[in-house]
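Dear colleague,

I am passing on the model we spoke about, and my notes on it follow directly below. Please read them with the structure open beside you.

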Protein chains: 2
Amino acid sequence: MDETGNPGPEIRLPRRATVKDVARLAGVSAGTVSNALSGKRRVDDATRGRIEAAIAELGYIPNIAARGVRTGRANTIALFSSMPTAVAAGPSKLGFMMEIAASAAMTALNRNVALVLVPPIAGPAEALRNVSFDGALLVEPAEDDPFLALLSSRAIPTVVIGEPPVAAGRHVELHYGATARLLVRHMLETGARAFPLMLGQSRRQSHAAFERVYLEEMAAAGLAPRVIRVDETGGEAAAAGAIRAELAAAPGLDGVLVPVDALATGVMAGLRAAGRRVPQDVRVATRYDGIRARTETPPLTAVDLHLDRVSEIATEALLDLIEGAPPAEIPLPPLPLLVPRASTLATPAEG
Amino acid sequence: MDETGNPGPEIRLPRRATVKDVARLAGVSAGTVSNALSGKRRVDDATRGRIEAAIAELGYIPNIAARGVRTGRANTIALFSSMPTAVAAGPSKLGFMMEIAASAAMTALNRNVALVLVPPIAGPAEALRNVSFDGALLVEPAEDDPFLALLSSRAIPTVVIGEPPVAAGRHVELHYGATARLLVRHMLETGARAFPLMLGQSRRQSHAAFERVYLEEMAAAGLAPRVIRVDETGGEAAAAGAIRAELAAAPGLDGVLVPVDALATGVMAGLRAAGRRVPQDVRVATRYDGIRARTETPPLTAVDLHLDRVSEIATEALLDLIEGAPPAEIPLPPLPLLVPRASTLATPAEG
DNA sequence: CTTCTACAGTAAAACGTTTTAGCGAGCCCT
DNA sequence: AGGGCTCGCTAAAACGTTTTACTGTAGAAG
């Protein structure tokens, strides 16, 4: 790992070694050095040996920016978080995004590509002006997502995580329908009979899928459905208010399905304030098994979406797309897995 | 946000507009466009107006790589995670790193700089070959950290988060001593009298600080100290084994202080296996208030390190350093805050 | 009426790579 | 022996910026 102490290597180079320095030392031209490095054209073994020796001696590291100018590639992909800032800033979305980010960064670096994080801080145009990237991962865009609009208008290779709102390019399935069915059926199995579905107001595919599946399953079970829409930007307080209003209107309520975890936290607060016990009086379940679900009291039943695998698949697909690989089917991630927790589990004594 | 429908804007440009295109359209030279954009030299107001009109019309976006070649700046900073892979891969370190990443990404983009994530996947040299950046954030490096060695040998501007092992450049204080004191005193206050300190074996400043403060405080309290070192790469299993051995040797043990949260999880498992109740028989506390601490049963007393603020300070300092701002004192982040949880709280009935 | 300076602009060099076009040597095939 | 190939290499162009060195104009100062 460290150099065997050759004499005086701590002389500061006045400037970083370039491909020309390597070429001179190896007695070849710059083009040959480039070819030796990239493997794009054959280089004689003896020559390659001299080049590698020169590289080692000079500690040469290619200038990525210069390479990018010539090749037009940045060797970088961007992860956009497109959620409304109010939600994105909180620890909930942070967890979701960051689980994806960590896995994507690993996968990307394995293929010699760096991952840059683009927070939802400035407008999408602002972001383009400051970072350069060959493609983008976009997490669960809403229907009018400005990032999605920008990316597709600029024809930037993009892979969406989750179902895209418009028939965009490529996406990785997040199994919205299966996730919804898993949760609705679990509510039914735990004995809930009068449980509304609480959704955000933004136009998202996951909301639509939840609503569709919920209505289907309730109809099949012969139960009366009830869908509550809450303004996500209102955060937990809005959800708490909404559930209290609902309790007043429907005192027999015995469960709530709240896919958005930030809203679920609000619902829990609202239930506590109304003196309802979870799970004895009301069962609660949410979608993303993140820090919010796990640290509620009691912890919330949720779903393992296999985000690490989803993110890996998305990253691989994006890199293939960028490299112009023949378009292949994007593999399906594993099916979602229910993680039952105390918020829906009947107490042992009840059995 | 969207263009007012001027006719036929959906024509695909054969190539991205360049500064020359803008210059031609505005009737000036490329240099003038550059000056107008950067503000480095004065440009007549009328001229600037024409340039801005041209930019808008062409949808011009500067090529960051090309700019980088000329200026030598990448407008990017890197976040290195240097932890041993075994630990880094788990969700625990992930949380720690990702809390920092999210906050750093926001701060950086506010100053028109992108943040790239460098996972500990390849060697540090490998990383340098694939991403270009102007400076680096390094999180809690160990004494022989290869990233730290590389960064300082290459004279890359670096800000360390936490106390650096060698007198490196600049760092943001993580208040190791204060954190340790907070925890040791809390253990004492909750009535623990025979509680060992369990540390990893890697040479880290935070370990050293914990050991020093622990020994001090135990001496002051007239109690017998006991420090256990566990190989971190052994993960939770190693910690579980270590605590069981300790219980056998010292049955009177009534607490454990385990700064590394992955080890704390192992200790909890070990205690459960040995039939000891937490907190009634044994009190347990850890350092980082992440997902591990919060989701243990019972949840672990931990410390709020204000990572978001720490990360913000570090990022600002790094950017100042890169931009050659006059070296100013790096502000201190807020003092750590104890988050007492059930793992050390006496049951109400006990009072 | 000069001379000096400030101003606002231009042309071209420079940054470090990759890629293109071309070249000479050796070999194989007739 | 000569034509055509392949091989391994070189020189130079190209990528899109920023920066340098310069130029002409206009006004101020003497």
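**The sheet and the helices on it**

In chain B, residue B:A78 stands opposite B:A136, which belongs to strand 3 of that chain. Please bear in mind throughout that this is a predicted model. The two strands involved, strand 1 (residues 76-80) and strand 3 (residues 135-139) of chain B, pair in the parallel sense over four bridges. They are part of an open sheet of ten strands with mixed pairing, whose order is 5(A)-4(A)-3(A)-1(A)-2(A)-2(B)-1(B)-3(B)-4(B)-5(B). At its edges are strand 5 (170-172) of chain A and strand 5 (170-172) of chain B, each of which pairs on one side only. If direction is ignored, neighbouring strands of this sheet are turned by 25° against each other on average.

Helix 8 (residues 146-153) of chain A packs on the sheet, where it touches strand 1 (76-80), strand 3 (135-139) and strand 4 (158-161) of chain A, and its direction makes about 155° with that of strand 3 of chain A. In chain B, helix 14 (residues 307-322) lies across strand 1, strand 3, strand 4 (158-161) and strand 5 of that chain, and runs at about 165° to strand 4 of chain B.

**The contact between the chains**

Chain A and chain B bury about 3,800 Å² between them, and 72% of this area is on carbon and sulfur atoms. On the side of chain A, the residues that lose the most area to chain B are A:L109, A:L117 and A:N130, which together make up 15% of what that side buries. The contact takes 43 residues from chain A and 43 residues from chain B.

**DNA strand C**

There are 26 residues around DNA strand C, and the closest are A:V19, B:S29, B:T32, B:R41 and B:T47. Of the atoms of this strand that lie within 4 Å of the protein, 60% belong to sugar or phosphate, while the rest belong to bases. Among the individual contacts, an N or O atom in the side chain of B:R70 is 2.9 Å from a base nitrogen of DNA strand C, and a polar side-chain atom of A:R41 lies 3.5 Å from a base nitrogen of that strand. The side chain of A:R67, by contrast, places an N or O atom 2.9 Å from a phosphate oxygen of DNA strand C. The elements that give two or more residues to the surface near this strand are helix 1 (19-26), helix 2 (30-38) and helix 4 of chain A, together with helix 4 of chain B. Helix 4 of chain A provides the largest share, four residues.

**DNA strand D**

Around DNA strand D there are 25 residues, of which A:T32, A:R41, A:T47, B:V19 and B:S34 come nearest. Sugar and phosphate account for 62% of the atoms of this strand that come within 4 Å of the protein. A base nitrogen of DNA strand D is 3.0 Å from an N or O atom in the side chain of A:R70. Phosphate oxygens of the strand are approached from chain B, with an N or O atom in the side chain of B:S34 at 2.6 Å and a polar side-chain atom of B:Y60 at 3.1 Å. Helix 4 of chain B gives the most to the surface near DNA strand D, with four residues. By class, that surface has seven nonpolar, nine polar and nine charged residues.

With best wishes

Key: Residues numbered from 1 in each chain as written. Chains lettered and ligands numbered in written order. Predicted model: local features only at pLDDT ≥ 70, side-chain atom pairs only at ≥ 80, totals over all residues. Heavy atoms only, no water. Near = heavy atom within 4 Å. Polar contact = N/O pair within 3.5 Å; in protein donor to acceptor, adjacent residues only side chain to side chain. Nonpolar A, V, L, I, M, F, W, Y, C, P; charged D, E, K, R; others polar. Pairing = 2+ DSSP bridges. Axes fitted to C-alpha atoms, helices over the stretch in contact; angles between N-to-C directions. Contact = heavy atoms within 4.5 Å. Buried area = accessible area lost by both parts, 1.4 Å probe.
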